[in-house]
Amino acid sequence: MSPDNDVRPSALFLRLFRWFCDPDIVEGLEGDLLERFEIRLHKKGQRKAKWLFIKDVAQLFRPGLIRFFKESQKRNSLGMYKNYFKTARRNLLKQKMYSSVKIGGFALGIAACLLIALYIKDELSYDQHYENNDRFYRIAQTVYYGNEFKMAWMPAPTAQALLADYPEVEMVGRITPTVIGGGNNQLRKAESPQNSNEDNFIYADPTILELFETPMLMGDHSALQEANTIVLSKSKADKFFPGENPIGQLMILNENASNPLKVTGVMDQPIHRSHFQYDFLVSLTAVEFYNGEQGNWGANNYPTYIRLSEKASPEALEAKLHEMATKYVLPLQQARGNVNAQEFVDKMKYELQPVADIHLYPEGISDPFEHGNIKFVWLFGAIAGLILLIAVVNFINLSTAKSTNRAMEVGLRKAIGSQKHDLIIQFLIESVMFSILSFVLGVLLTSLLLPYFNIMADKTLVLPLSEWWFVPGLALASLLIGTMAGIYPAFYLSSFKPIQVLKGSVSLGAKKSGLRGVLVVFQFTTSVALIIATLVVSRQMNYIMNTEIGFDKEQVVTLSGTNTLGDRVPALKNALLQLPGVENVTVSSYLPVAGTYRNGNLFWKDGRTQMDQGLGAEIWRVDYDYVSTLGIKLLEGRDFSTEMATDSSAIVVNQQMIKELGITDPIGKKITNSSDNSQVWTIVGVIENFHYESLKGEIEGLGIVLGNSNRTMSVKVNTDEIATVMASINDTWDKVAPEQPIAYDFLDERFARMYDDVSRTGNIFTSFAIFAVFVACLGLFALSVFMVEQRNKEISIRLVLGASMNHVLRSLGFNFLKPVLIALFIAMPIAWYVMRDWLNEFQYKTTLSWDIFAIAAITAIGIAVLTVSYQSLKAAVMKPVNGLRNE
């Protein structure tokens with residue numbers, strides 16, 4: 001015998017062929033396959049023969065030869081599938097309550113998933129559209145002013161240094177959103193006397209348009225090359241120049257008529273999301289905000305963006321950036337007489353942050369922009385998935401619980417010749433049919449709920465019905481989810497043995513309820529965790545809004561744009577002080593809310609500048625009435641006084657500055673700061689620490705001095721007639737500044753807006769907790785109806801034997817409360833861990849006290865009891881004869 005005779009084709013593919021091939025022809029075809037294999041073995045060799053054998057087997061996998069296709073053909077497959085759909089439709093209509101729970105729960109889960117999916121897609125889309133995204137970075141620095149400060153703000157000359165010293169840097173651009181007051185300005189056409197209060201101003205280098213690939217409707221990416229030029233968004237161009245060509249037109253910013261701005265471009269409305277939004281770009285060409293500002297390495301005012309050359313390594317560049325500190329920052333520190341200059345520079349760090357990461361991965365870098373949180377993006381995604389799983393669990397639970405109702409059908413079908421896989425297909429078709437109906441209803445629910453969700457999440461989301469992938473994606477998802485939800489019930493129901501069913505010995509739906517118990521535990525674990533999260537977020541928001549923050553934010557009206565009034569500011573202040581209900585007025589651009597001026601400096605004890613490391617703190621310029629108007633508590637010394645000529649060099653500091661400088665008996669002591677030509681200040685008062693930034697951070701040192709900072713006027717009112725006093729303020733403004741519309745806000749509302757992200761998080765948690773609890777309770781209610789039906793005879797016998805109504809209620813209630821109690825013990829530690837992590841983002845926060853968990857437990861148990869109580873009570877008061885009449 002030839003050695004080749006011992007070689008056999010692939011055993012795996014031979015078995016596969018025997019399995020799928022029609023039994024009537026398998027023997028003959030197998031002989032032909034083996035004969036061809038032997039011939040090829042001698043002619044082409046062992047390896048080639050085996051590959052050709054596999055190819056032959058694959059080619060035989062076609063409808064005319066497949067065992068299951070032939071069997072289904074014999075049974076008129078088209079008619080059978082029609083029968084499947086007809087049966088599914090009849091079951092849907094026959095069991096209206098169960099069908100409603102299945103479809104309604106599914107639809108709610110799908111709607112929740114779609115809403116959160118749209119939210120996640122929007123969050124993940126920020127800054128993802130740039131063609132050169134892999135080379136587009138923002139530079140950030142870490143400096144040590146007593147404490148570590150990580151920030152995106154860079155010195156003005158950083159951009160030129162990067163281009164000059166690092167050939168890897170292809171393009172640099174700077175912006176500064178806050179130099180001119182947080183984007184709030186007065187703007188008018190040159191020929192018009194009427195100002196308009198506008199937001200979203202940014203000073204920008206000419207390269208910013210190209211770096212951010214700004215779409216231009218008029219002009220091009222060189223639009224900001226000249227000094228005193230401005231680029232408008234389309235909406236603002238239409239507002240100021242309706243039906244006109246804005247190019248070449250002149251505009252006056254903040255009444256600076258000596259330097260009018262020429263319109264050189266119009267930007268298209270962005271269709272992509274970016275980490276910063278703007279309507280006006282003002283050229284930084286030839287701009288210097290104070291003498292020597294553009295060459296000052298000691299002032300950090302410019303977020304700076306770079307584009308690397310194609311072959312540059314960001315890691316290699318990042319490693320070399322510290323040379324910049326040694327070359328430029330060290331000489332400045334030494335010139336200032338800082339004996340710790342080398343230590344200061346050695347601690348400095350630079351890093352490159354991908355622009356695509358800025359929105360969701362701020363990494364503790366301070367900047368003027370609003371950010372998302374990647375942890376919450378994934379957390380909301382998990383919530384959406386869990387709500388959908390709860391709906392799927394309802395489907396599985398109800399399908400298996402109703403097994404006895406379908407057992408006779410399964411037994412009869414098997415008795416007349418149905419195969420197991422036919423029954424599986426039938427039940428999967430029913431599941432997919434439920435899924436498709438649920439998806440249709442879910443999309444309708446999403447379209448109805450989306451406007452409210454947009455308000456809650458501060459988004460402008462739309463259903464992407466016109467996108468090519470949306471409808472096919474939903475169709476595929478409905479098939480996949482329908483199949484996944486129906487797999488277990490299909491295999492479970494199709495496994496019944498006909499003889500047991502027809503003898504009436506199958507009651508698995510009632511008795512084998514272990515899996516259903518596990519699934520109910522899962523549903524309520526999710527629901528309880530969301531209830532706890534909702535309570536924690538709500539309590540933290542309540543803590544923020546009601547905690548003692550160190551100043552009085554109530555009934556303080558802030559008037560913006562007073563910097564354009566010039567010498568009319570004192571007249572306006574005096575006129576407002578004469579109004580009934582006005583208690584006090586102060587003028588300052590510095591307020592303890594976001595979006596107002598900030599001015600970080602280094603401070604030393606007088607005479608210690610060359611010996612100590614400077615303390616990083618804020619210095620604010622205010623007027624005489626600032627402390628009293630905002631209700632800031634004076635702890636030591638005195639406030640500024642018009643009767644004290646020496647107060648031009650006086651400073652009032654907070655407790656934190658005194659603590660960090662290590663000063664005892666501070667009144668009369670002198671301190672020095674790094675700007676103001678090393679001005680020596682005399683401490684005349686100490687104020688209580690107050691929160692001038694978010695409660696997420698610690699209170700830092702602060703000094704306030706007298707100075708001209710007149711962008712905002714704050715009016716303290718003391719009356720219940722707010723509408724009346726606001727009308728008086730408005731009339732007074734119109735008399736003093738008729739050419740400029742009043743722009744006012746309330747300090748407490750501005751403070752609340754600092755925590756809009758917390759409020760939105762709480763609203764989203766609350767909404768989806770309601771979703772989850774409602775869907776879980778739908779399933780629990782349907783199960784309670786079914787279990788009462790299944791135990792009808794048992795309850796009747798108990799009642800005949802003398803059981804009381806309370807006994808029946810306890811018996812039924814415990815069966816449903818047991819999984820809820822288990823869910824509580826599982827959910828509480830999970831929720832505690834997640835929400836503790838969230839609260840750790842705040843330096844000042846509420847506590848995770850026991851009552852939060854107690855409220856969640858009582859809520860969950862109460863909801864569960866209410867859900868099942870009707871059916872339990874109905875069973876307990878029924879007449880026993882009704883449950884035994886058919887026995």
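This briefing walks through two helix packings and two groups of strands in the structure above. The model is a predicted one. The protein holds 29 helices and 25 strands, and buried residues account for 50% of its 887 residues. Of the contacts between residues at least 6 apart in sequence, 79% join residues at least 24 apart.

**Helices H2 and H3**

- A good place to start is helix H2 (residues 26–44), which packs with helix H3 (residues 46–59) at an angle of about 150°, the two axes being 8 Å apart.
- Because angles over 145 degrees count as roughly antiparallel, H2 is roughly antiparallel to H3.
- The crossing that H2 and H3 make is right-handed.
- On the H2 side, the contact is made by Leu33, Arg36, Phe37, Arg40, Leu41 and Lys44.
- H3 answers with Gln46, Lys48, Ala49, Lys50, Leu52, Phe53, Asp56 and Val57.
- Sorted by class, the residues of this contact between H2 and H3 are 7 nonpolar, 1 polar and 6 charged.

**Helices H7 and H11**

- Another pair to look at is helix H7 (residues 158–165) with helix H11 (residues 322–335), packed at an angle of about 125° with axes 11 Å apart.
- H7 and H11 are therefore oblique to each other.
- Their crossing, H7 past H11, is right-handed.
- Thr158, Ala161, Leu162 and Asp165 are the H7 residues in the contact, and they meet Met324, Lys327 and Tyr328 of H11.
- The contact of H7 with H11 comprises 4 nonpolar, 1 polar and 2 charged residues.

**The open sheet E16-E24-E15-E25**

- Turning to strands, you will find an open sheet of 4 strands in the order E16-E24-E15-E25, with antiparallel pairing.
- Its edges are strand E16 (582–587) and strand E25 (744–746), each of which pairs on one side only.
- From one strand to the next, the twist of this sheet averages 25°.
- Inside the order, strand E15 (residues 556–560) pairs with strand E24 (residues 712–717) through 5 bridges in the antiparallel sense.
- To pick out one bridge by eye, look for Ser560, whose partner in E24 is Thr712.
- Helix H20 (residues 569–577) lies across E15, E16 and E24.
- Relative to E16, H20 runs at about 165°.

**Strand E22 and its partners**

- Strand E22 (residues 680–687) is mostly covered, as 6 of its 8 residues are buried.
- Strand E19 (residues 634–637) is joined to E22 by 3 bridges, and E19 and E22 run antiparallel.
- One residue to follow here is Glu636, which has Val686 as its bridge partner in E22.
- Strand E20 (residues 650–654) pairs with E22 in the parallel sense, over 5 bridges.
- Ala650 stands opposite Thr682 of E22.
- Strand E21 (residues 670–673) is joined to E22 by 3 bridges, with E21 and E22 running antiparallel.
- Thr682 comes up again here, as the bridge partner in E22 of Lys670.

Conventions
Residues are numbered from 1 along each chain as its sequence is written. This is a predicted model: local features need pLDDT of at least 70, side-chain atom pairs count only at pLDDT 80 or more; totals for chains, interfaces and linings use all residues. Side-chain values use heavy atoms; hydrogens and water are left out. Axes are lines fitted to C-alpha atoms, for helices over the stretch in contact, and angles run from 0 to 180 degrees between N-to-C directions. Helices (H or I, at least four residues) and strands (E, at least two) are DSSP runs, numbered from the N terminus. Angles under 35 degrees count as roughly parallel, over 145 as roughly antiparallel, 65 to 115 as roughly perpendicular and the rest as oblique. A crossing is left-handed if the near helix is turned anticlockwise from the far one by less than a right angle, and right-handed if clockwise. Contact means heavy atoms within 4.5 Å. Ala, Val, Leu, Ile, Met, Phe, Trp, Tyr, Cys and Pro count as nonpolar, Asp, Glu, Lys and Arg as charged, and the others, Gly among them, as polar. Two strands pair if DSSP finds at least two bridges between them. Buried means under 20% relative accessible area, exposed over 50%, partly exposed in between (1.4 Å probe, protein chains only).
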